[in-house]
Amino acid sequence: MHSQIHHDAPGPCPICGMALEPEAPRSDDAPNPELANLMRRLTVAGILCIPLLIVSMLSEMLNLHLMSPDVSPWVQLALAAPIVLWAGAPFFQRGWISIVTWRLNMFTLVSIGVGSAFCYSFIATIMPGLFSHAFRMHDAMVPVYYEAAGVVVALVLLGQVIELRARAATGHAIRALLDLAPKTARRIQADGPEIDLPLSQILVGDRLRIRPGESVPVDGIVIDGRSPVDESMLTGEPTPIWKIPGASVAGGTTNGAGSLAIEARAVGADTMLARIVKMVAAAQRSRAPIQALADQISGWFVPIVVFIALLTFAIWAAVGPEPRFGHALLNAIAVLIIACPCALGLATPMSIMVGTGRGARAGILIKEAQALQALDRIDTLVIDKTGTLTEGKPRLIATETVAGTRPTELLCLAAALEAQSEHPLAQAIVAAAKLAGAKLPEVKQFESQTGLGISGVVGRHKVVIGSAQQMARIGLDPGTFQARVDAFRGNGAGVMFVALNGRLAGFLAVADPVRESAAGAIAMLRKQGLRIVMLTGDNPMTANAVARQVGGIDAIHADLKPEDKASIVGALQLAGAKVAMAGDGINDAPALAVADVGIAMGTGTDVAIESAGITLTHGDLSAIVRARGLARATMRNIRENLFFSFIFNGVGIPVAAGILYPVTGLLMSPMFAGAAMALSSFTVVMNALRLNRVAL
């Protein structure tokens, strides 16, 4: 929240009191010591709160005494002291820092509210004679409020644990990115055998060997060899890119069937993968939490409450009826108790907890609470194409042949040859043939023509597959299919011609289908006034074809890399737009993190899901519409809760201070102040539960 603060050890921020985040992302899976510490405190507080509530509530609300009224306060003190003094110690520390630095926040409210309730109860327990008979219960005992102090500590601890667990997901995303790079690299020695070395020992200028199927360890330039490289982590596109001498390769990408020799050009923190890791970590760290509103309110609420309590004490001590000290102390404590931040503290987390649970039942997983707040305000939706608007799984959509060639025969022969290739489009053809029940014949003399296609002998047939240039290479003109081919390409499909025994036999069309729900979802989002922007690493022709199919796309950006996507999102934000980004690939992670709210398709990669604040579990784009409805309902509920909590305080504080006493002779004892505080919390909880009935 406050990036200007730098400490050399973990601890609370001196400005907001929140736990400081590590500057550098951790690559290990070590447990979070702060989370473990708060879990121990929460466990103790939760265990002790149960008997504390039983002892206090049964006697105060149901008049059922499990023990003597003289003994009960001491038992409650024994139960509440560990909760407040040990489990709640971090909140008092952060509250004290907020007072010293005059950066009043939620921890200020927690520490003052809990401290006031506990100190009052402690005094009432050890020195009950200070209090007049008018403020005693029917059994002449002075009421105590240990349960209020204990429950507040337990609830705040629970909120802190939930927040820390959510922040831990950031570490999982970073580790998933770091795992893309191998831990070692094979260096080519100038005068000796190739040796494997730790990645930390690789220097710029080193020559490295990338064997088939291995991950590229660093950014570099190909100096020898030819091979397809899967760059989907950068482009999001399933089609491998053929690398020849002079071509660049990026660390973390995956080599195909060939062997490559590269020269390292960027290592360590300078690689593209390392920059992506840094971008994701920085963007996630910079987001402001949704509790900022409550903290801003508490900036003026806390000093006003403290001032009113002190003023109340001074007035009653000066001009109040006898016993003046007893009345002054009780009324001042009543002010602080009724202003205890239970309702204010519950206002946001209760709505978030219920709202996220409601979203989960509708297939909308909320990882970060602030995602709901951001989604409520967006006016621009940026959508990745592959895997978001489309299914991300290429498949055969058409097999067309010349007279005398059966489509099933053409598919079977083509699939047998394509089975020798690692190309994703080839796999789509093989999958279609297997689905049709075809048995693939044996292939001989398989050859790959780089950038053109493949060829080989399948059974009794000489089969050649590839582009129009591949057909021209063997003296064939595919012009007879031109109209049909243009129609498929215009709709975003890839086309591969097939020649049998020197004769053009037909072509196969493979496409990544548009999701069935995409067009309807885009239409609904546009009706809500959103501007729709499409980003893709694919070529402009395919991007435009998909845009025509779904309709309603306001802007298209193609041929993009991860940094380009993040830059475009950043540029939209600089122009004043509130941006939501929907994507599914590793390449989308930086943009998902930079956006005001990231939305990951549940069918996408773990990194995309961990980098986003919202995940659509079924990959259904129309769930964005439902997610916006949930966000609006949740934020409206939070505002209602804040309103309720302040109405209770606005009415209760003056009454607790004794404003009605000159007219009616009525005073509010701390017992009733505690009841009012509990009622405000109950109202907030019941209002938050209404989110369970929100229609999505």
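## Aromatic pairs and the phenylalanine cluster

Rings of Phe, Tyr and Trp pair if their centres lie within 6.5 Å. The model is predicted. Seven aromatic pairs occur in the structure. One of them joins Phe 488 and Phe 507. Their centres lie 5.9 Å apart, with 70° between the planes. That geometry is edge-to-face, because the angle is over 60 degrees. The partners come from distant parts of the chain, 19 residues apart. Phe 488 belongs to helix 16 (residues 482-490) and Phe 507 to strand 17. Both rings' residues, Phe 488 and Phe 507, are buried.

Another pair joins Phe 643 and Phe 644. Here the centre-to-centre distance is 6.2 Å and the planes meet at 55°, a tilted arrangement. Phe 643 has 52% relative accessibility, so it counts as exposed. Phe 644, at 28%, counts as partly exposed. Which residues make up one aromatic cluster? They are Phe 481, Phe 488, Phe 497 and Phe 507. Two members of that cluster, Phe 488 and Phe 507, are the buried edge-to-face partners described above.

## Overall architecture

The chain has 696 residues, and 51% of them are buried. Its secondary structure comprises 24 helices and 22 strands. Among contacts with a separation of 6 or more, 68% come from residues 24 or more positions apart.

The chain exposes about 30,300 Å². Carbon and sulfur atoms supply 61% of that area.

## Salt bridges around strands 1 to 3

The whole structure contains 10 salt bridges. One of them pairs Arg 187 with Asp 206, at 3.5 Å from N to O. Arg 187 sits in strand 1 (residues 184-187). Asp 206 sits in the loop between strand 2 (195-198) and strand 3 (207-210). The bridge therefore ties together parts that are 19 residues apart in sequence. Asp 206 has a relative accessible area of 14%, so it is buried.

Glu 194 and Arg 209 form another bridge, with their closest N and O atoms 3.1 Å apart. Glu 194 lies in the loop between strand 1 and strand 2, and Arg 209 lies in strand 3, so this pair ties together parts 15 residues apart in sequence. At 29% relative accessibility, Glu 194 counts as partly exposed.

## A further bridge and a shared network

Asp 554 and Arg 526 also form a salt bridge. The closest N and O atoms are 2.7 Å apart. This pair links distant parts of the chain, 28 residues apart. Asp 554 is in the loop between helix 18 (540-550) and strand 19 (555-557). Arg 526 is in helix 17 (residues 518-527). Is each partner buried or exposed? Asp 554 is partly exposed, with a relative accessible area of 38%. Arg 526 is partly exposed too, at 37%.

Some salt bridges share partners. Through them, Arg 186, Glu 194, Asp 196 and Arg 209 are joined into one network. The bridge between Glu 194 and Arg 209 involves two of these residues.

## A charge over a ring

Arg 41 places its charged end over the ring of Trp 86. The distance to the ring centre is 4.8 Å.

## A nonpolar surface patch

Which residues form a nonpolar patch on the surface? The members are Trp 74, Phe 122, Ile 126, Met 127 and Leu 130. Together they have about 430 Å² of accessible area.

Ile 126 lies in helix 4 (residues 106-126). Its relative accessibility is 35%, so Ile 126 counts as partly exposed.

## Positive phi outside glycine

Most residues other than glycine have a negative phi. Gln 445 has a positive phi, near 55°. Gln 445 is placed in strand 13 (residues 443-449). With a relative accessible area of 58%, Gln 445 is exposed.

Asn 501 also has a positive phi, near 55°. Where does Asn 501 lie? Its place is the loop between strand 16 (494-500) and strand 17 (503-511). Asn 501 is partly exposed, with a relative accessible area of 45%.

Technical notes
Residues numbered from 1 in each chain as written. Predicted model: local features only at pLDDT ≥ 70, side-chain atom pairs only at ≥ 80, totals over all residues. Heavy atoms only, no water. Patch = residues over 30% accessible without salt bridge, like charges linked within 9 Å, V, L, I, M, F, W, Y side chains within 5 Å. Areas by Shrake-Rupley, 256 points an atom, 1.4 Å probe, with all protein chains shown as cover. Salt bridge = Lys/Arg side-chain N within 4 Å of Asp/Glu carboxyl O. Helix = DSSP H or I, 4+ residues; strand = E, 2+ residues; numbered from the N terminus. Buried < 20%, exposed > 50% of the residue type's maximum accessible area, 1.4 Å probe, protein only. Phe/Tyr/Trp six-rings, centres within 6.5 Å; stacked < 30°, edge-to-face > 60°. Lys NZ or Arg CZ within 6 Å of the ring centre and 35° of its normal. Contact = heavy atoms within 4.5 Å.
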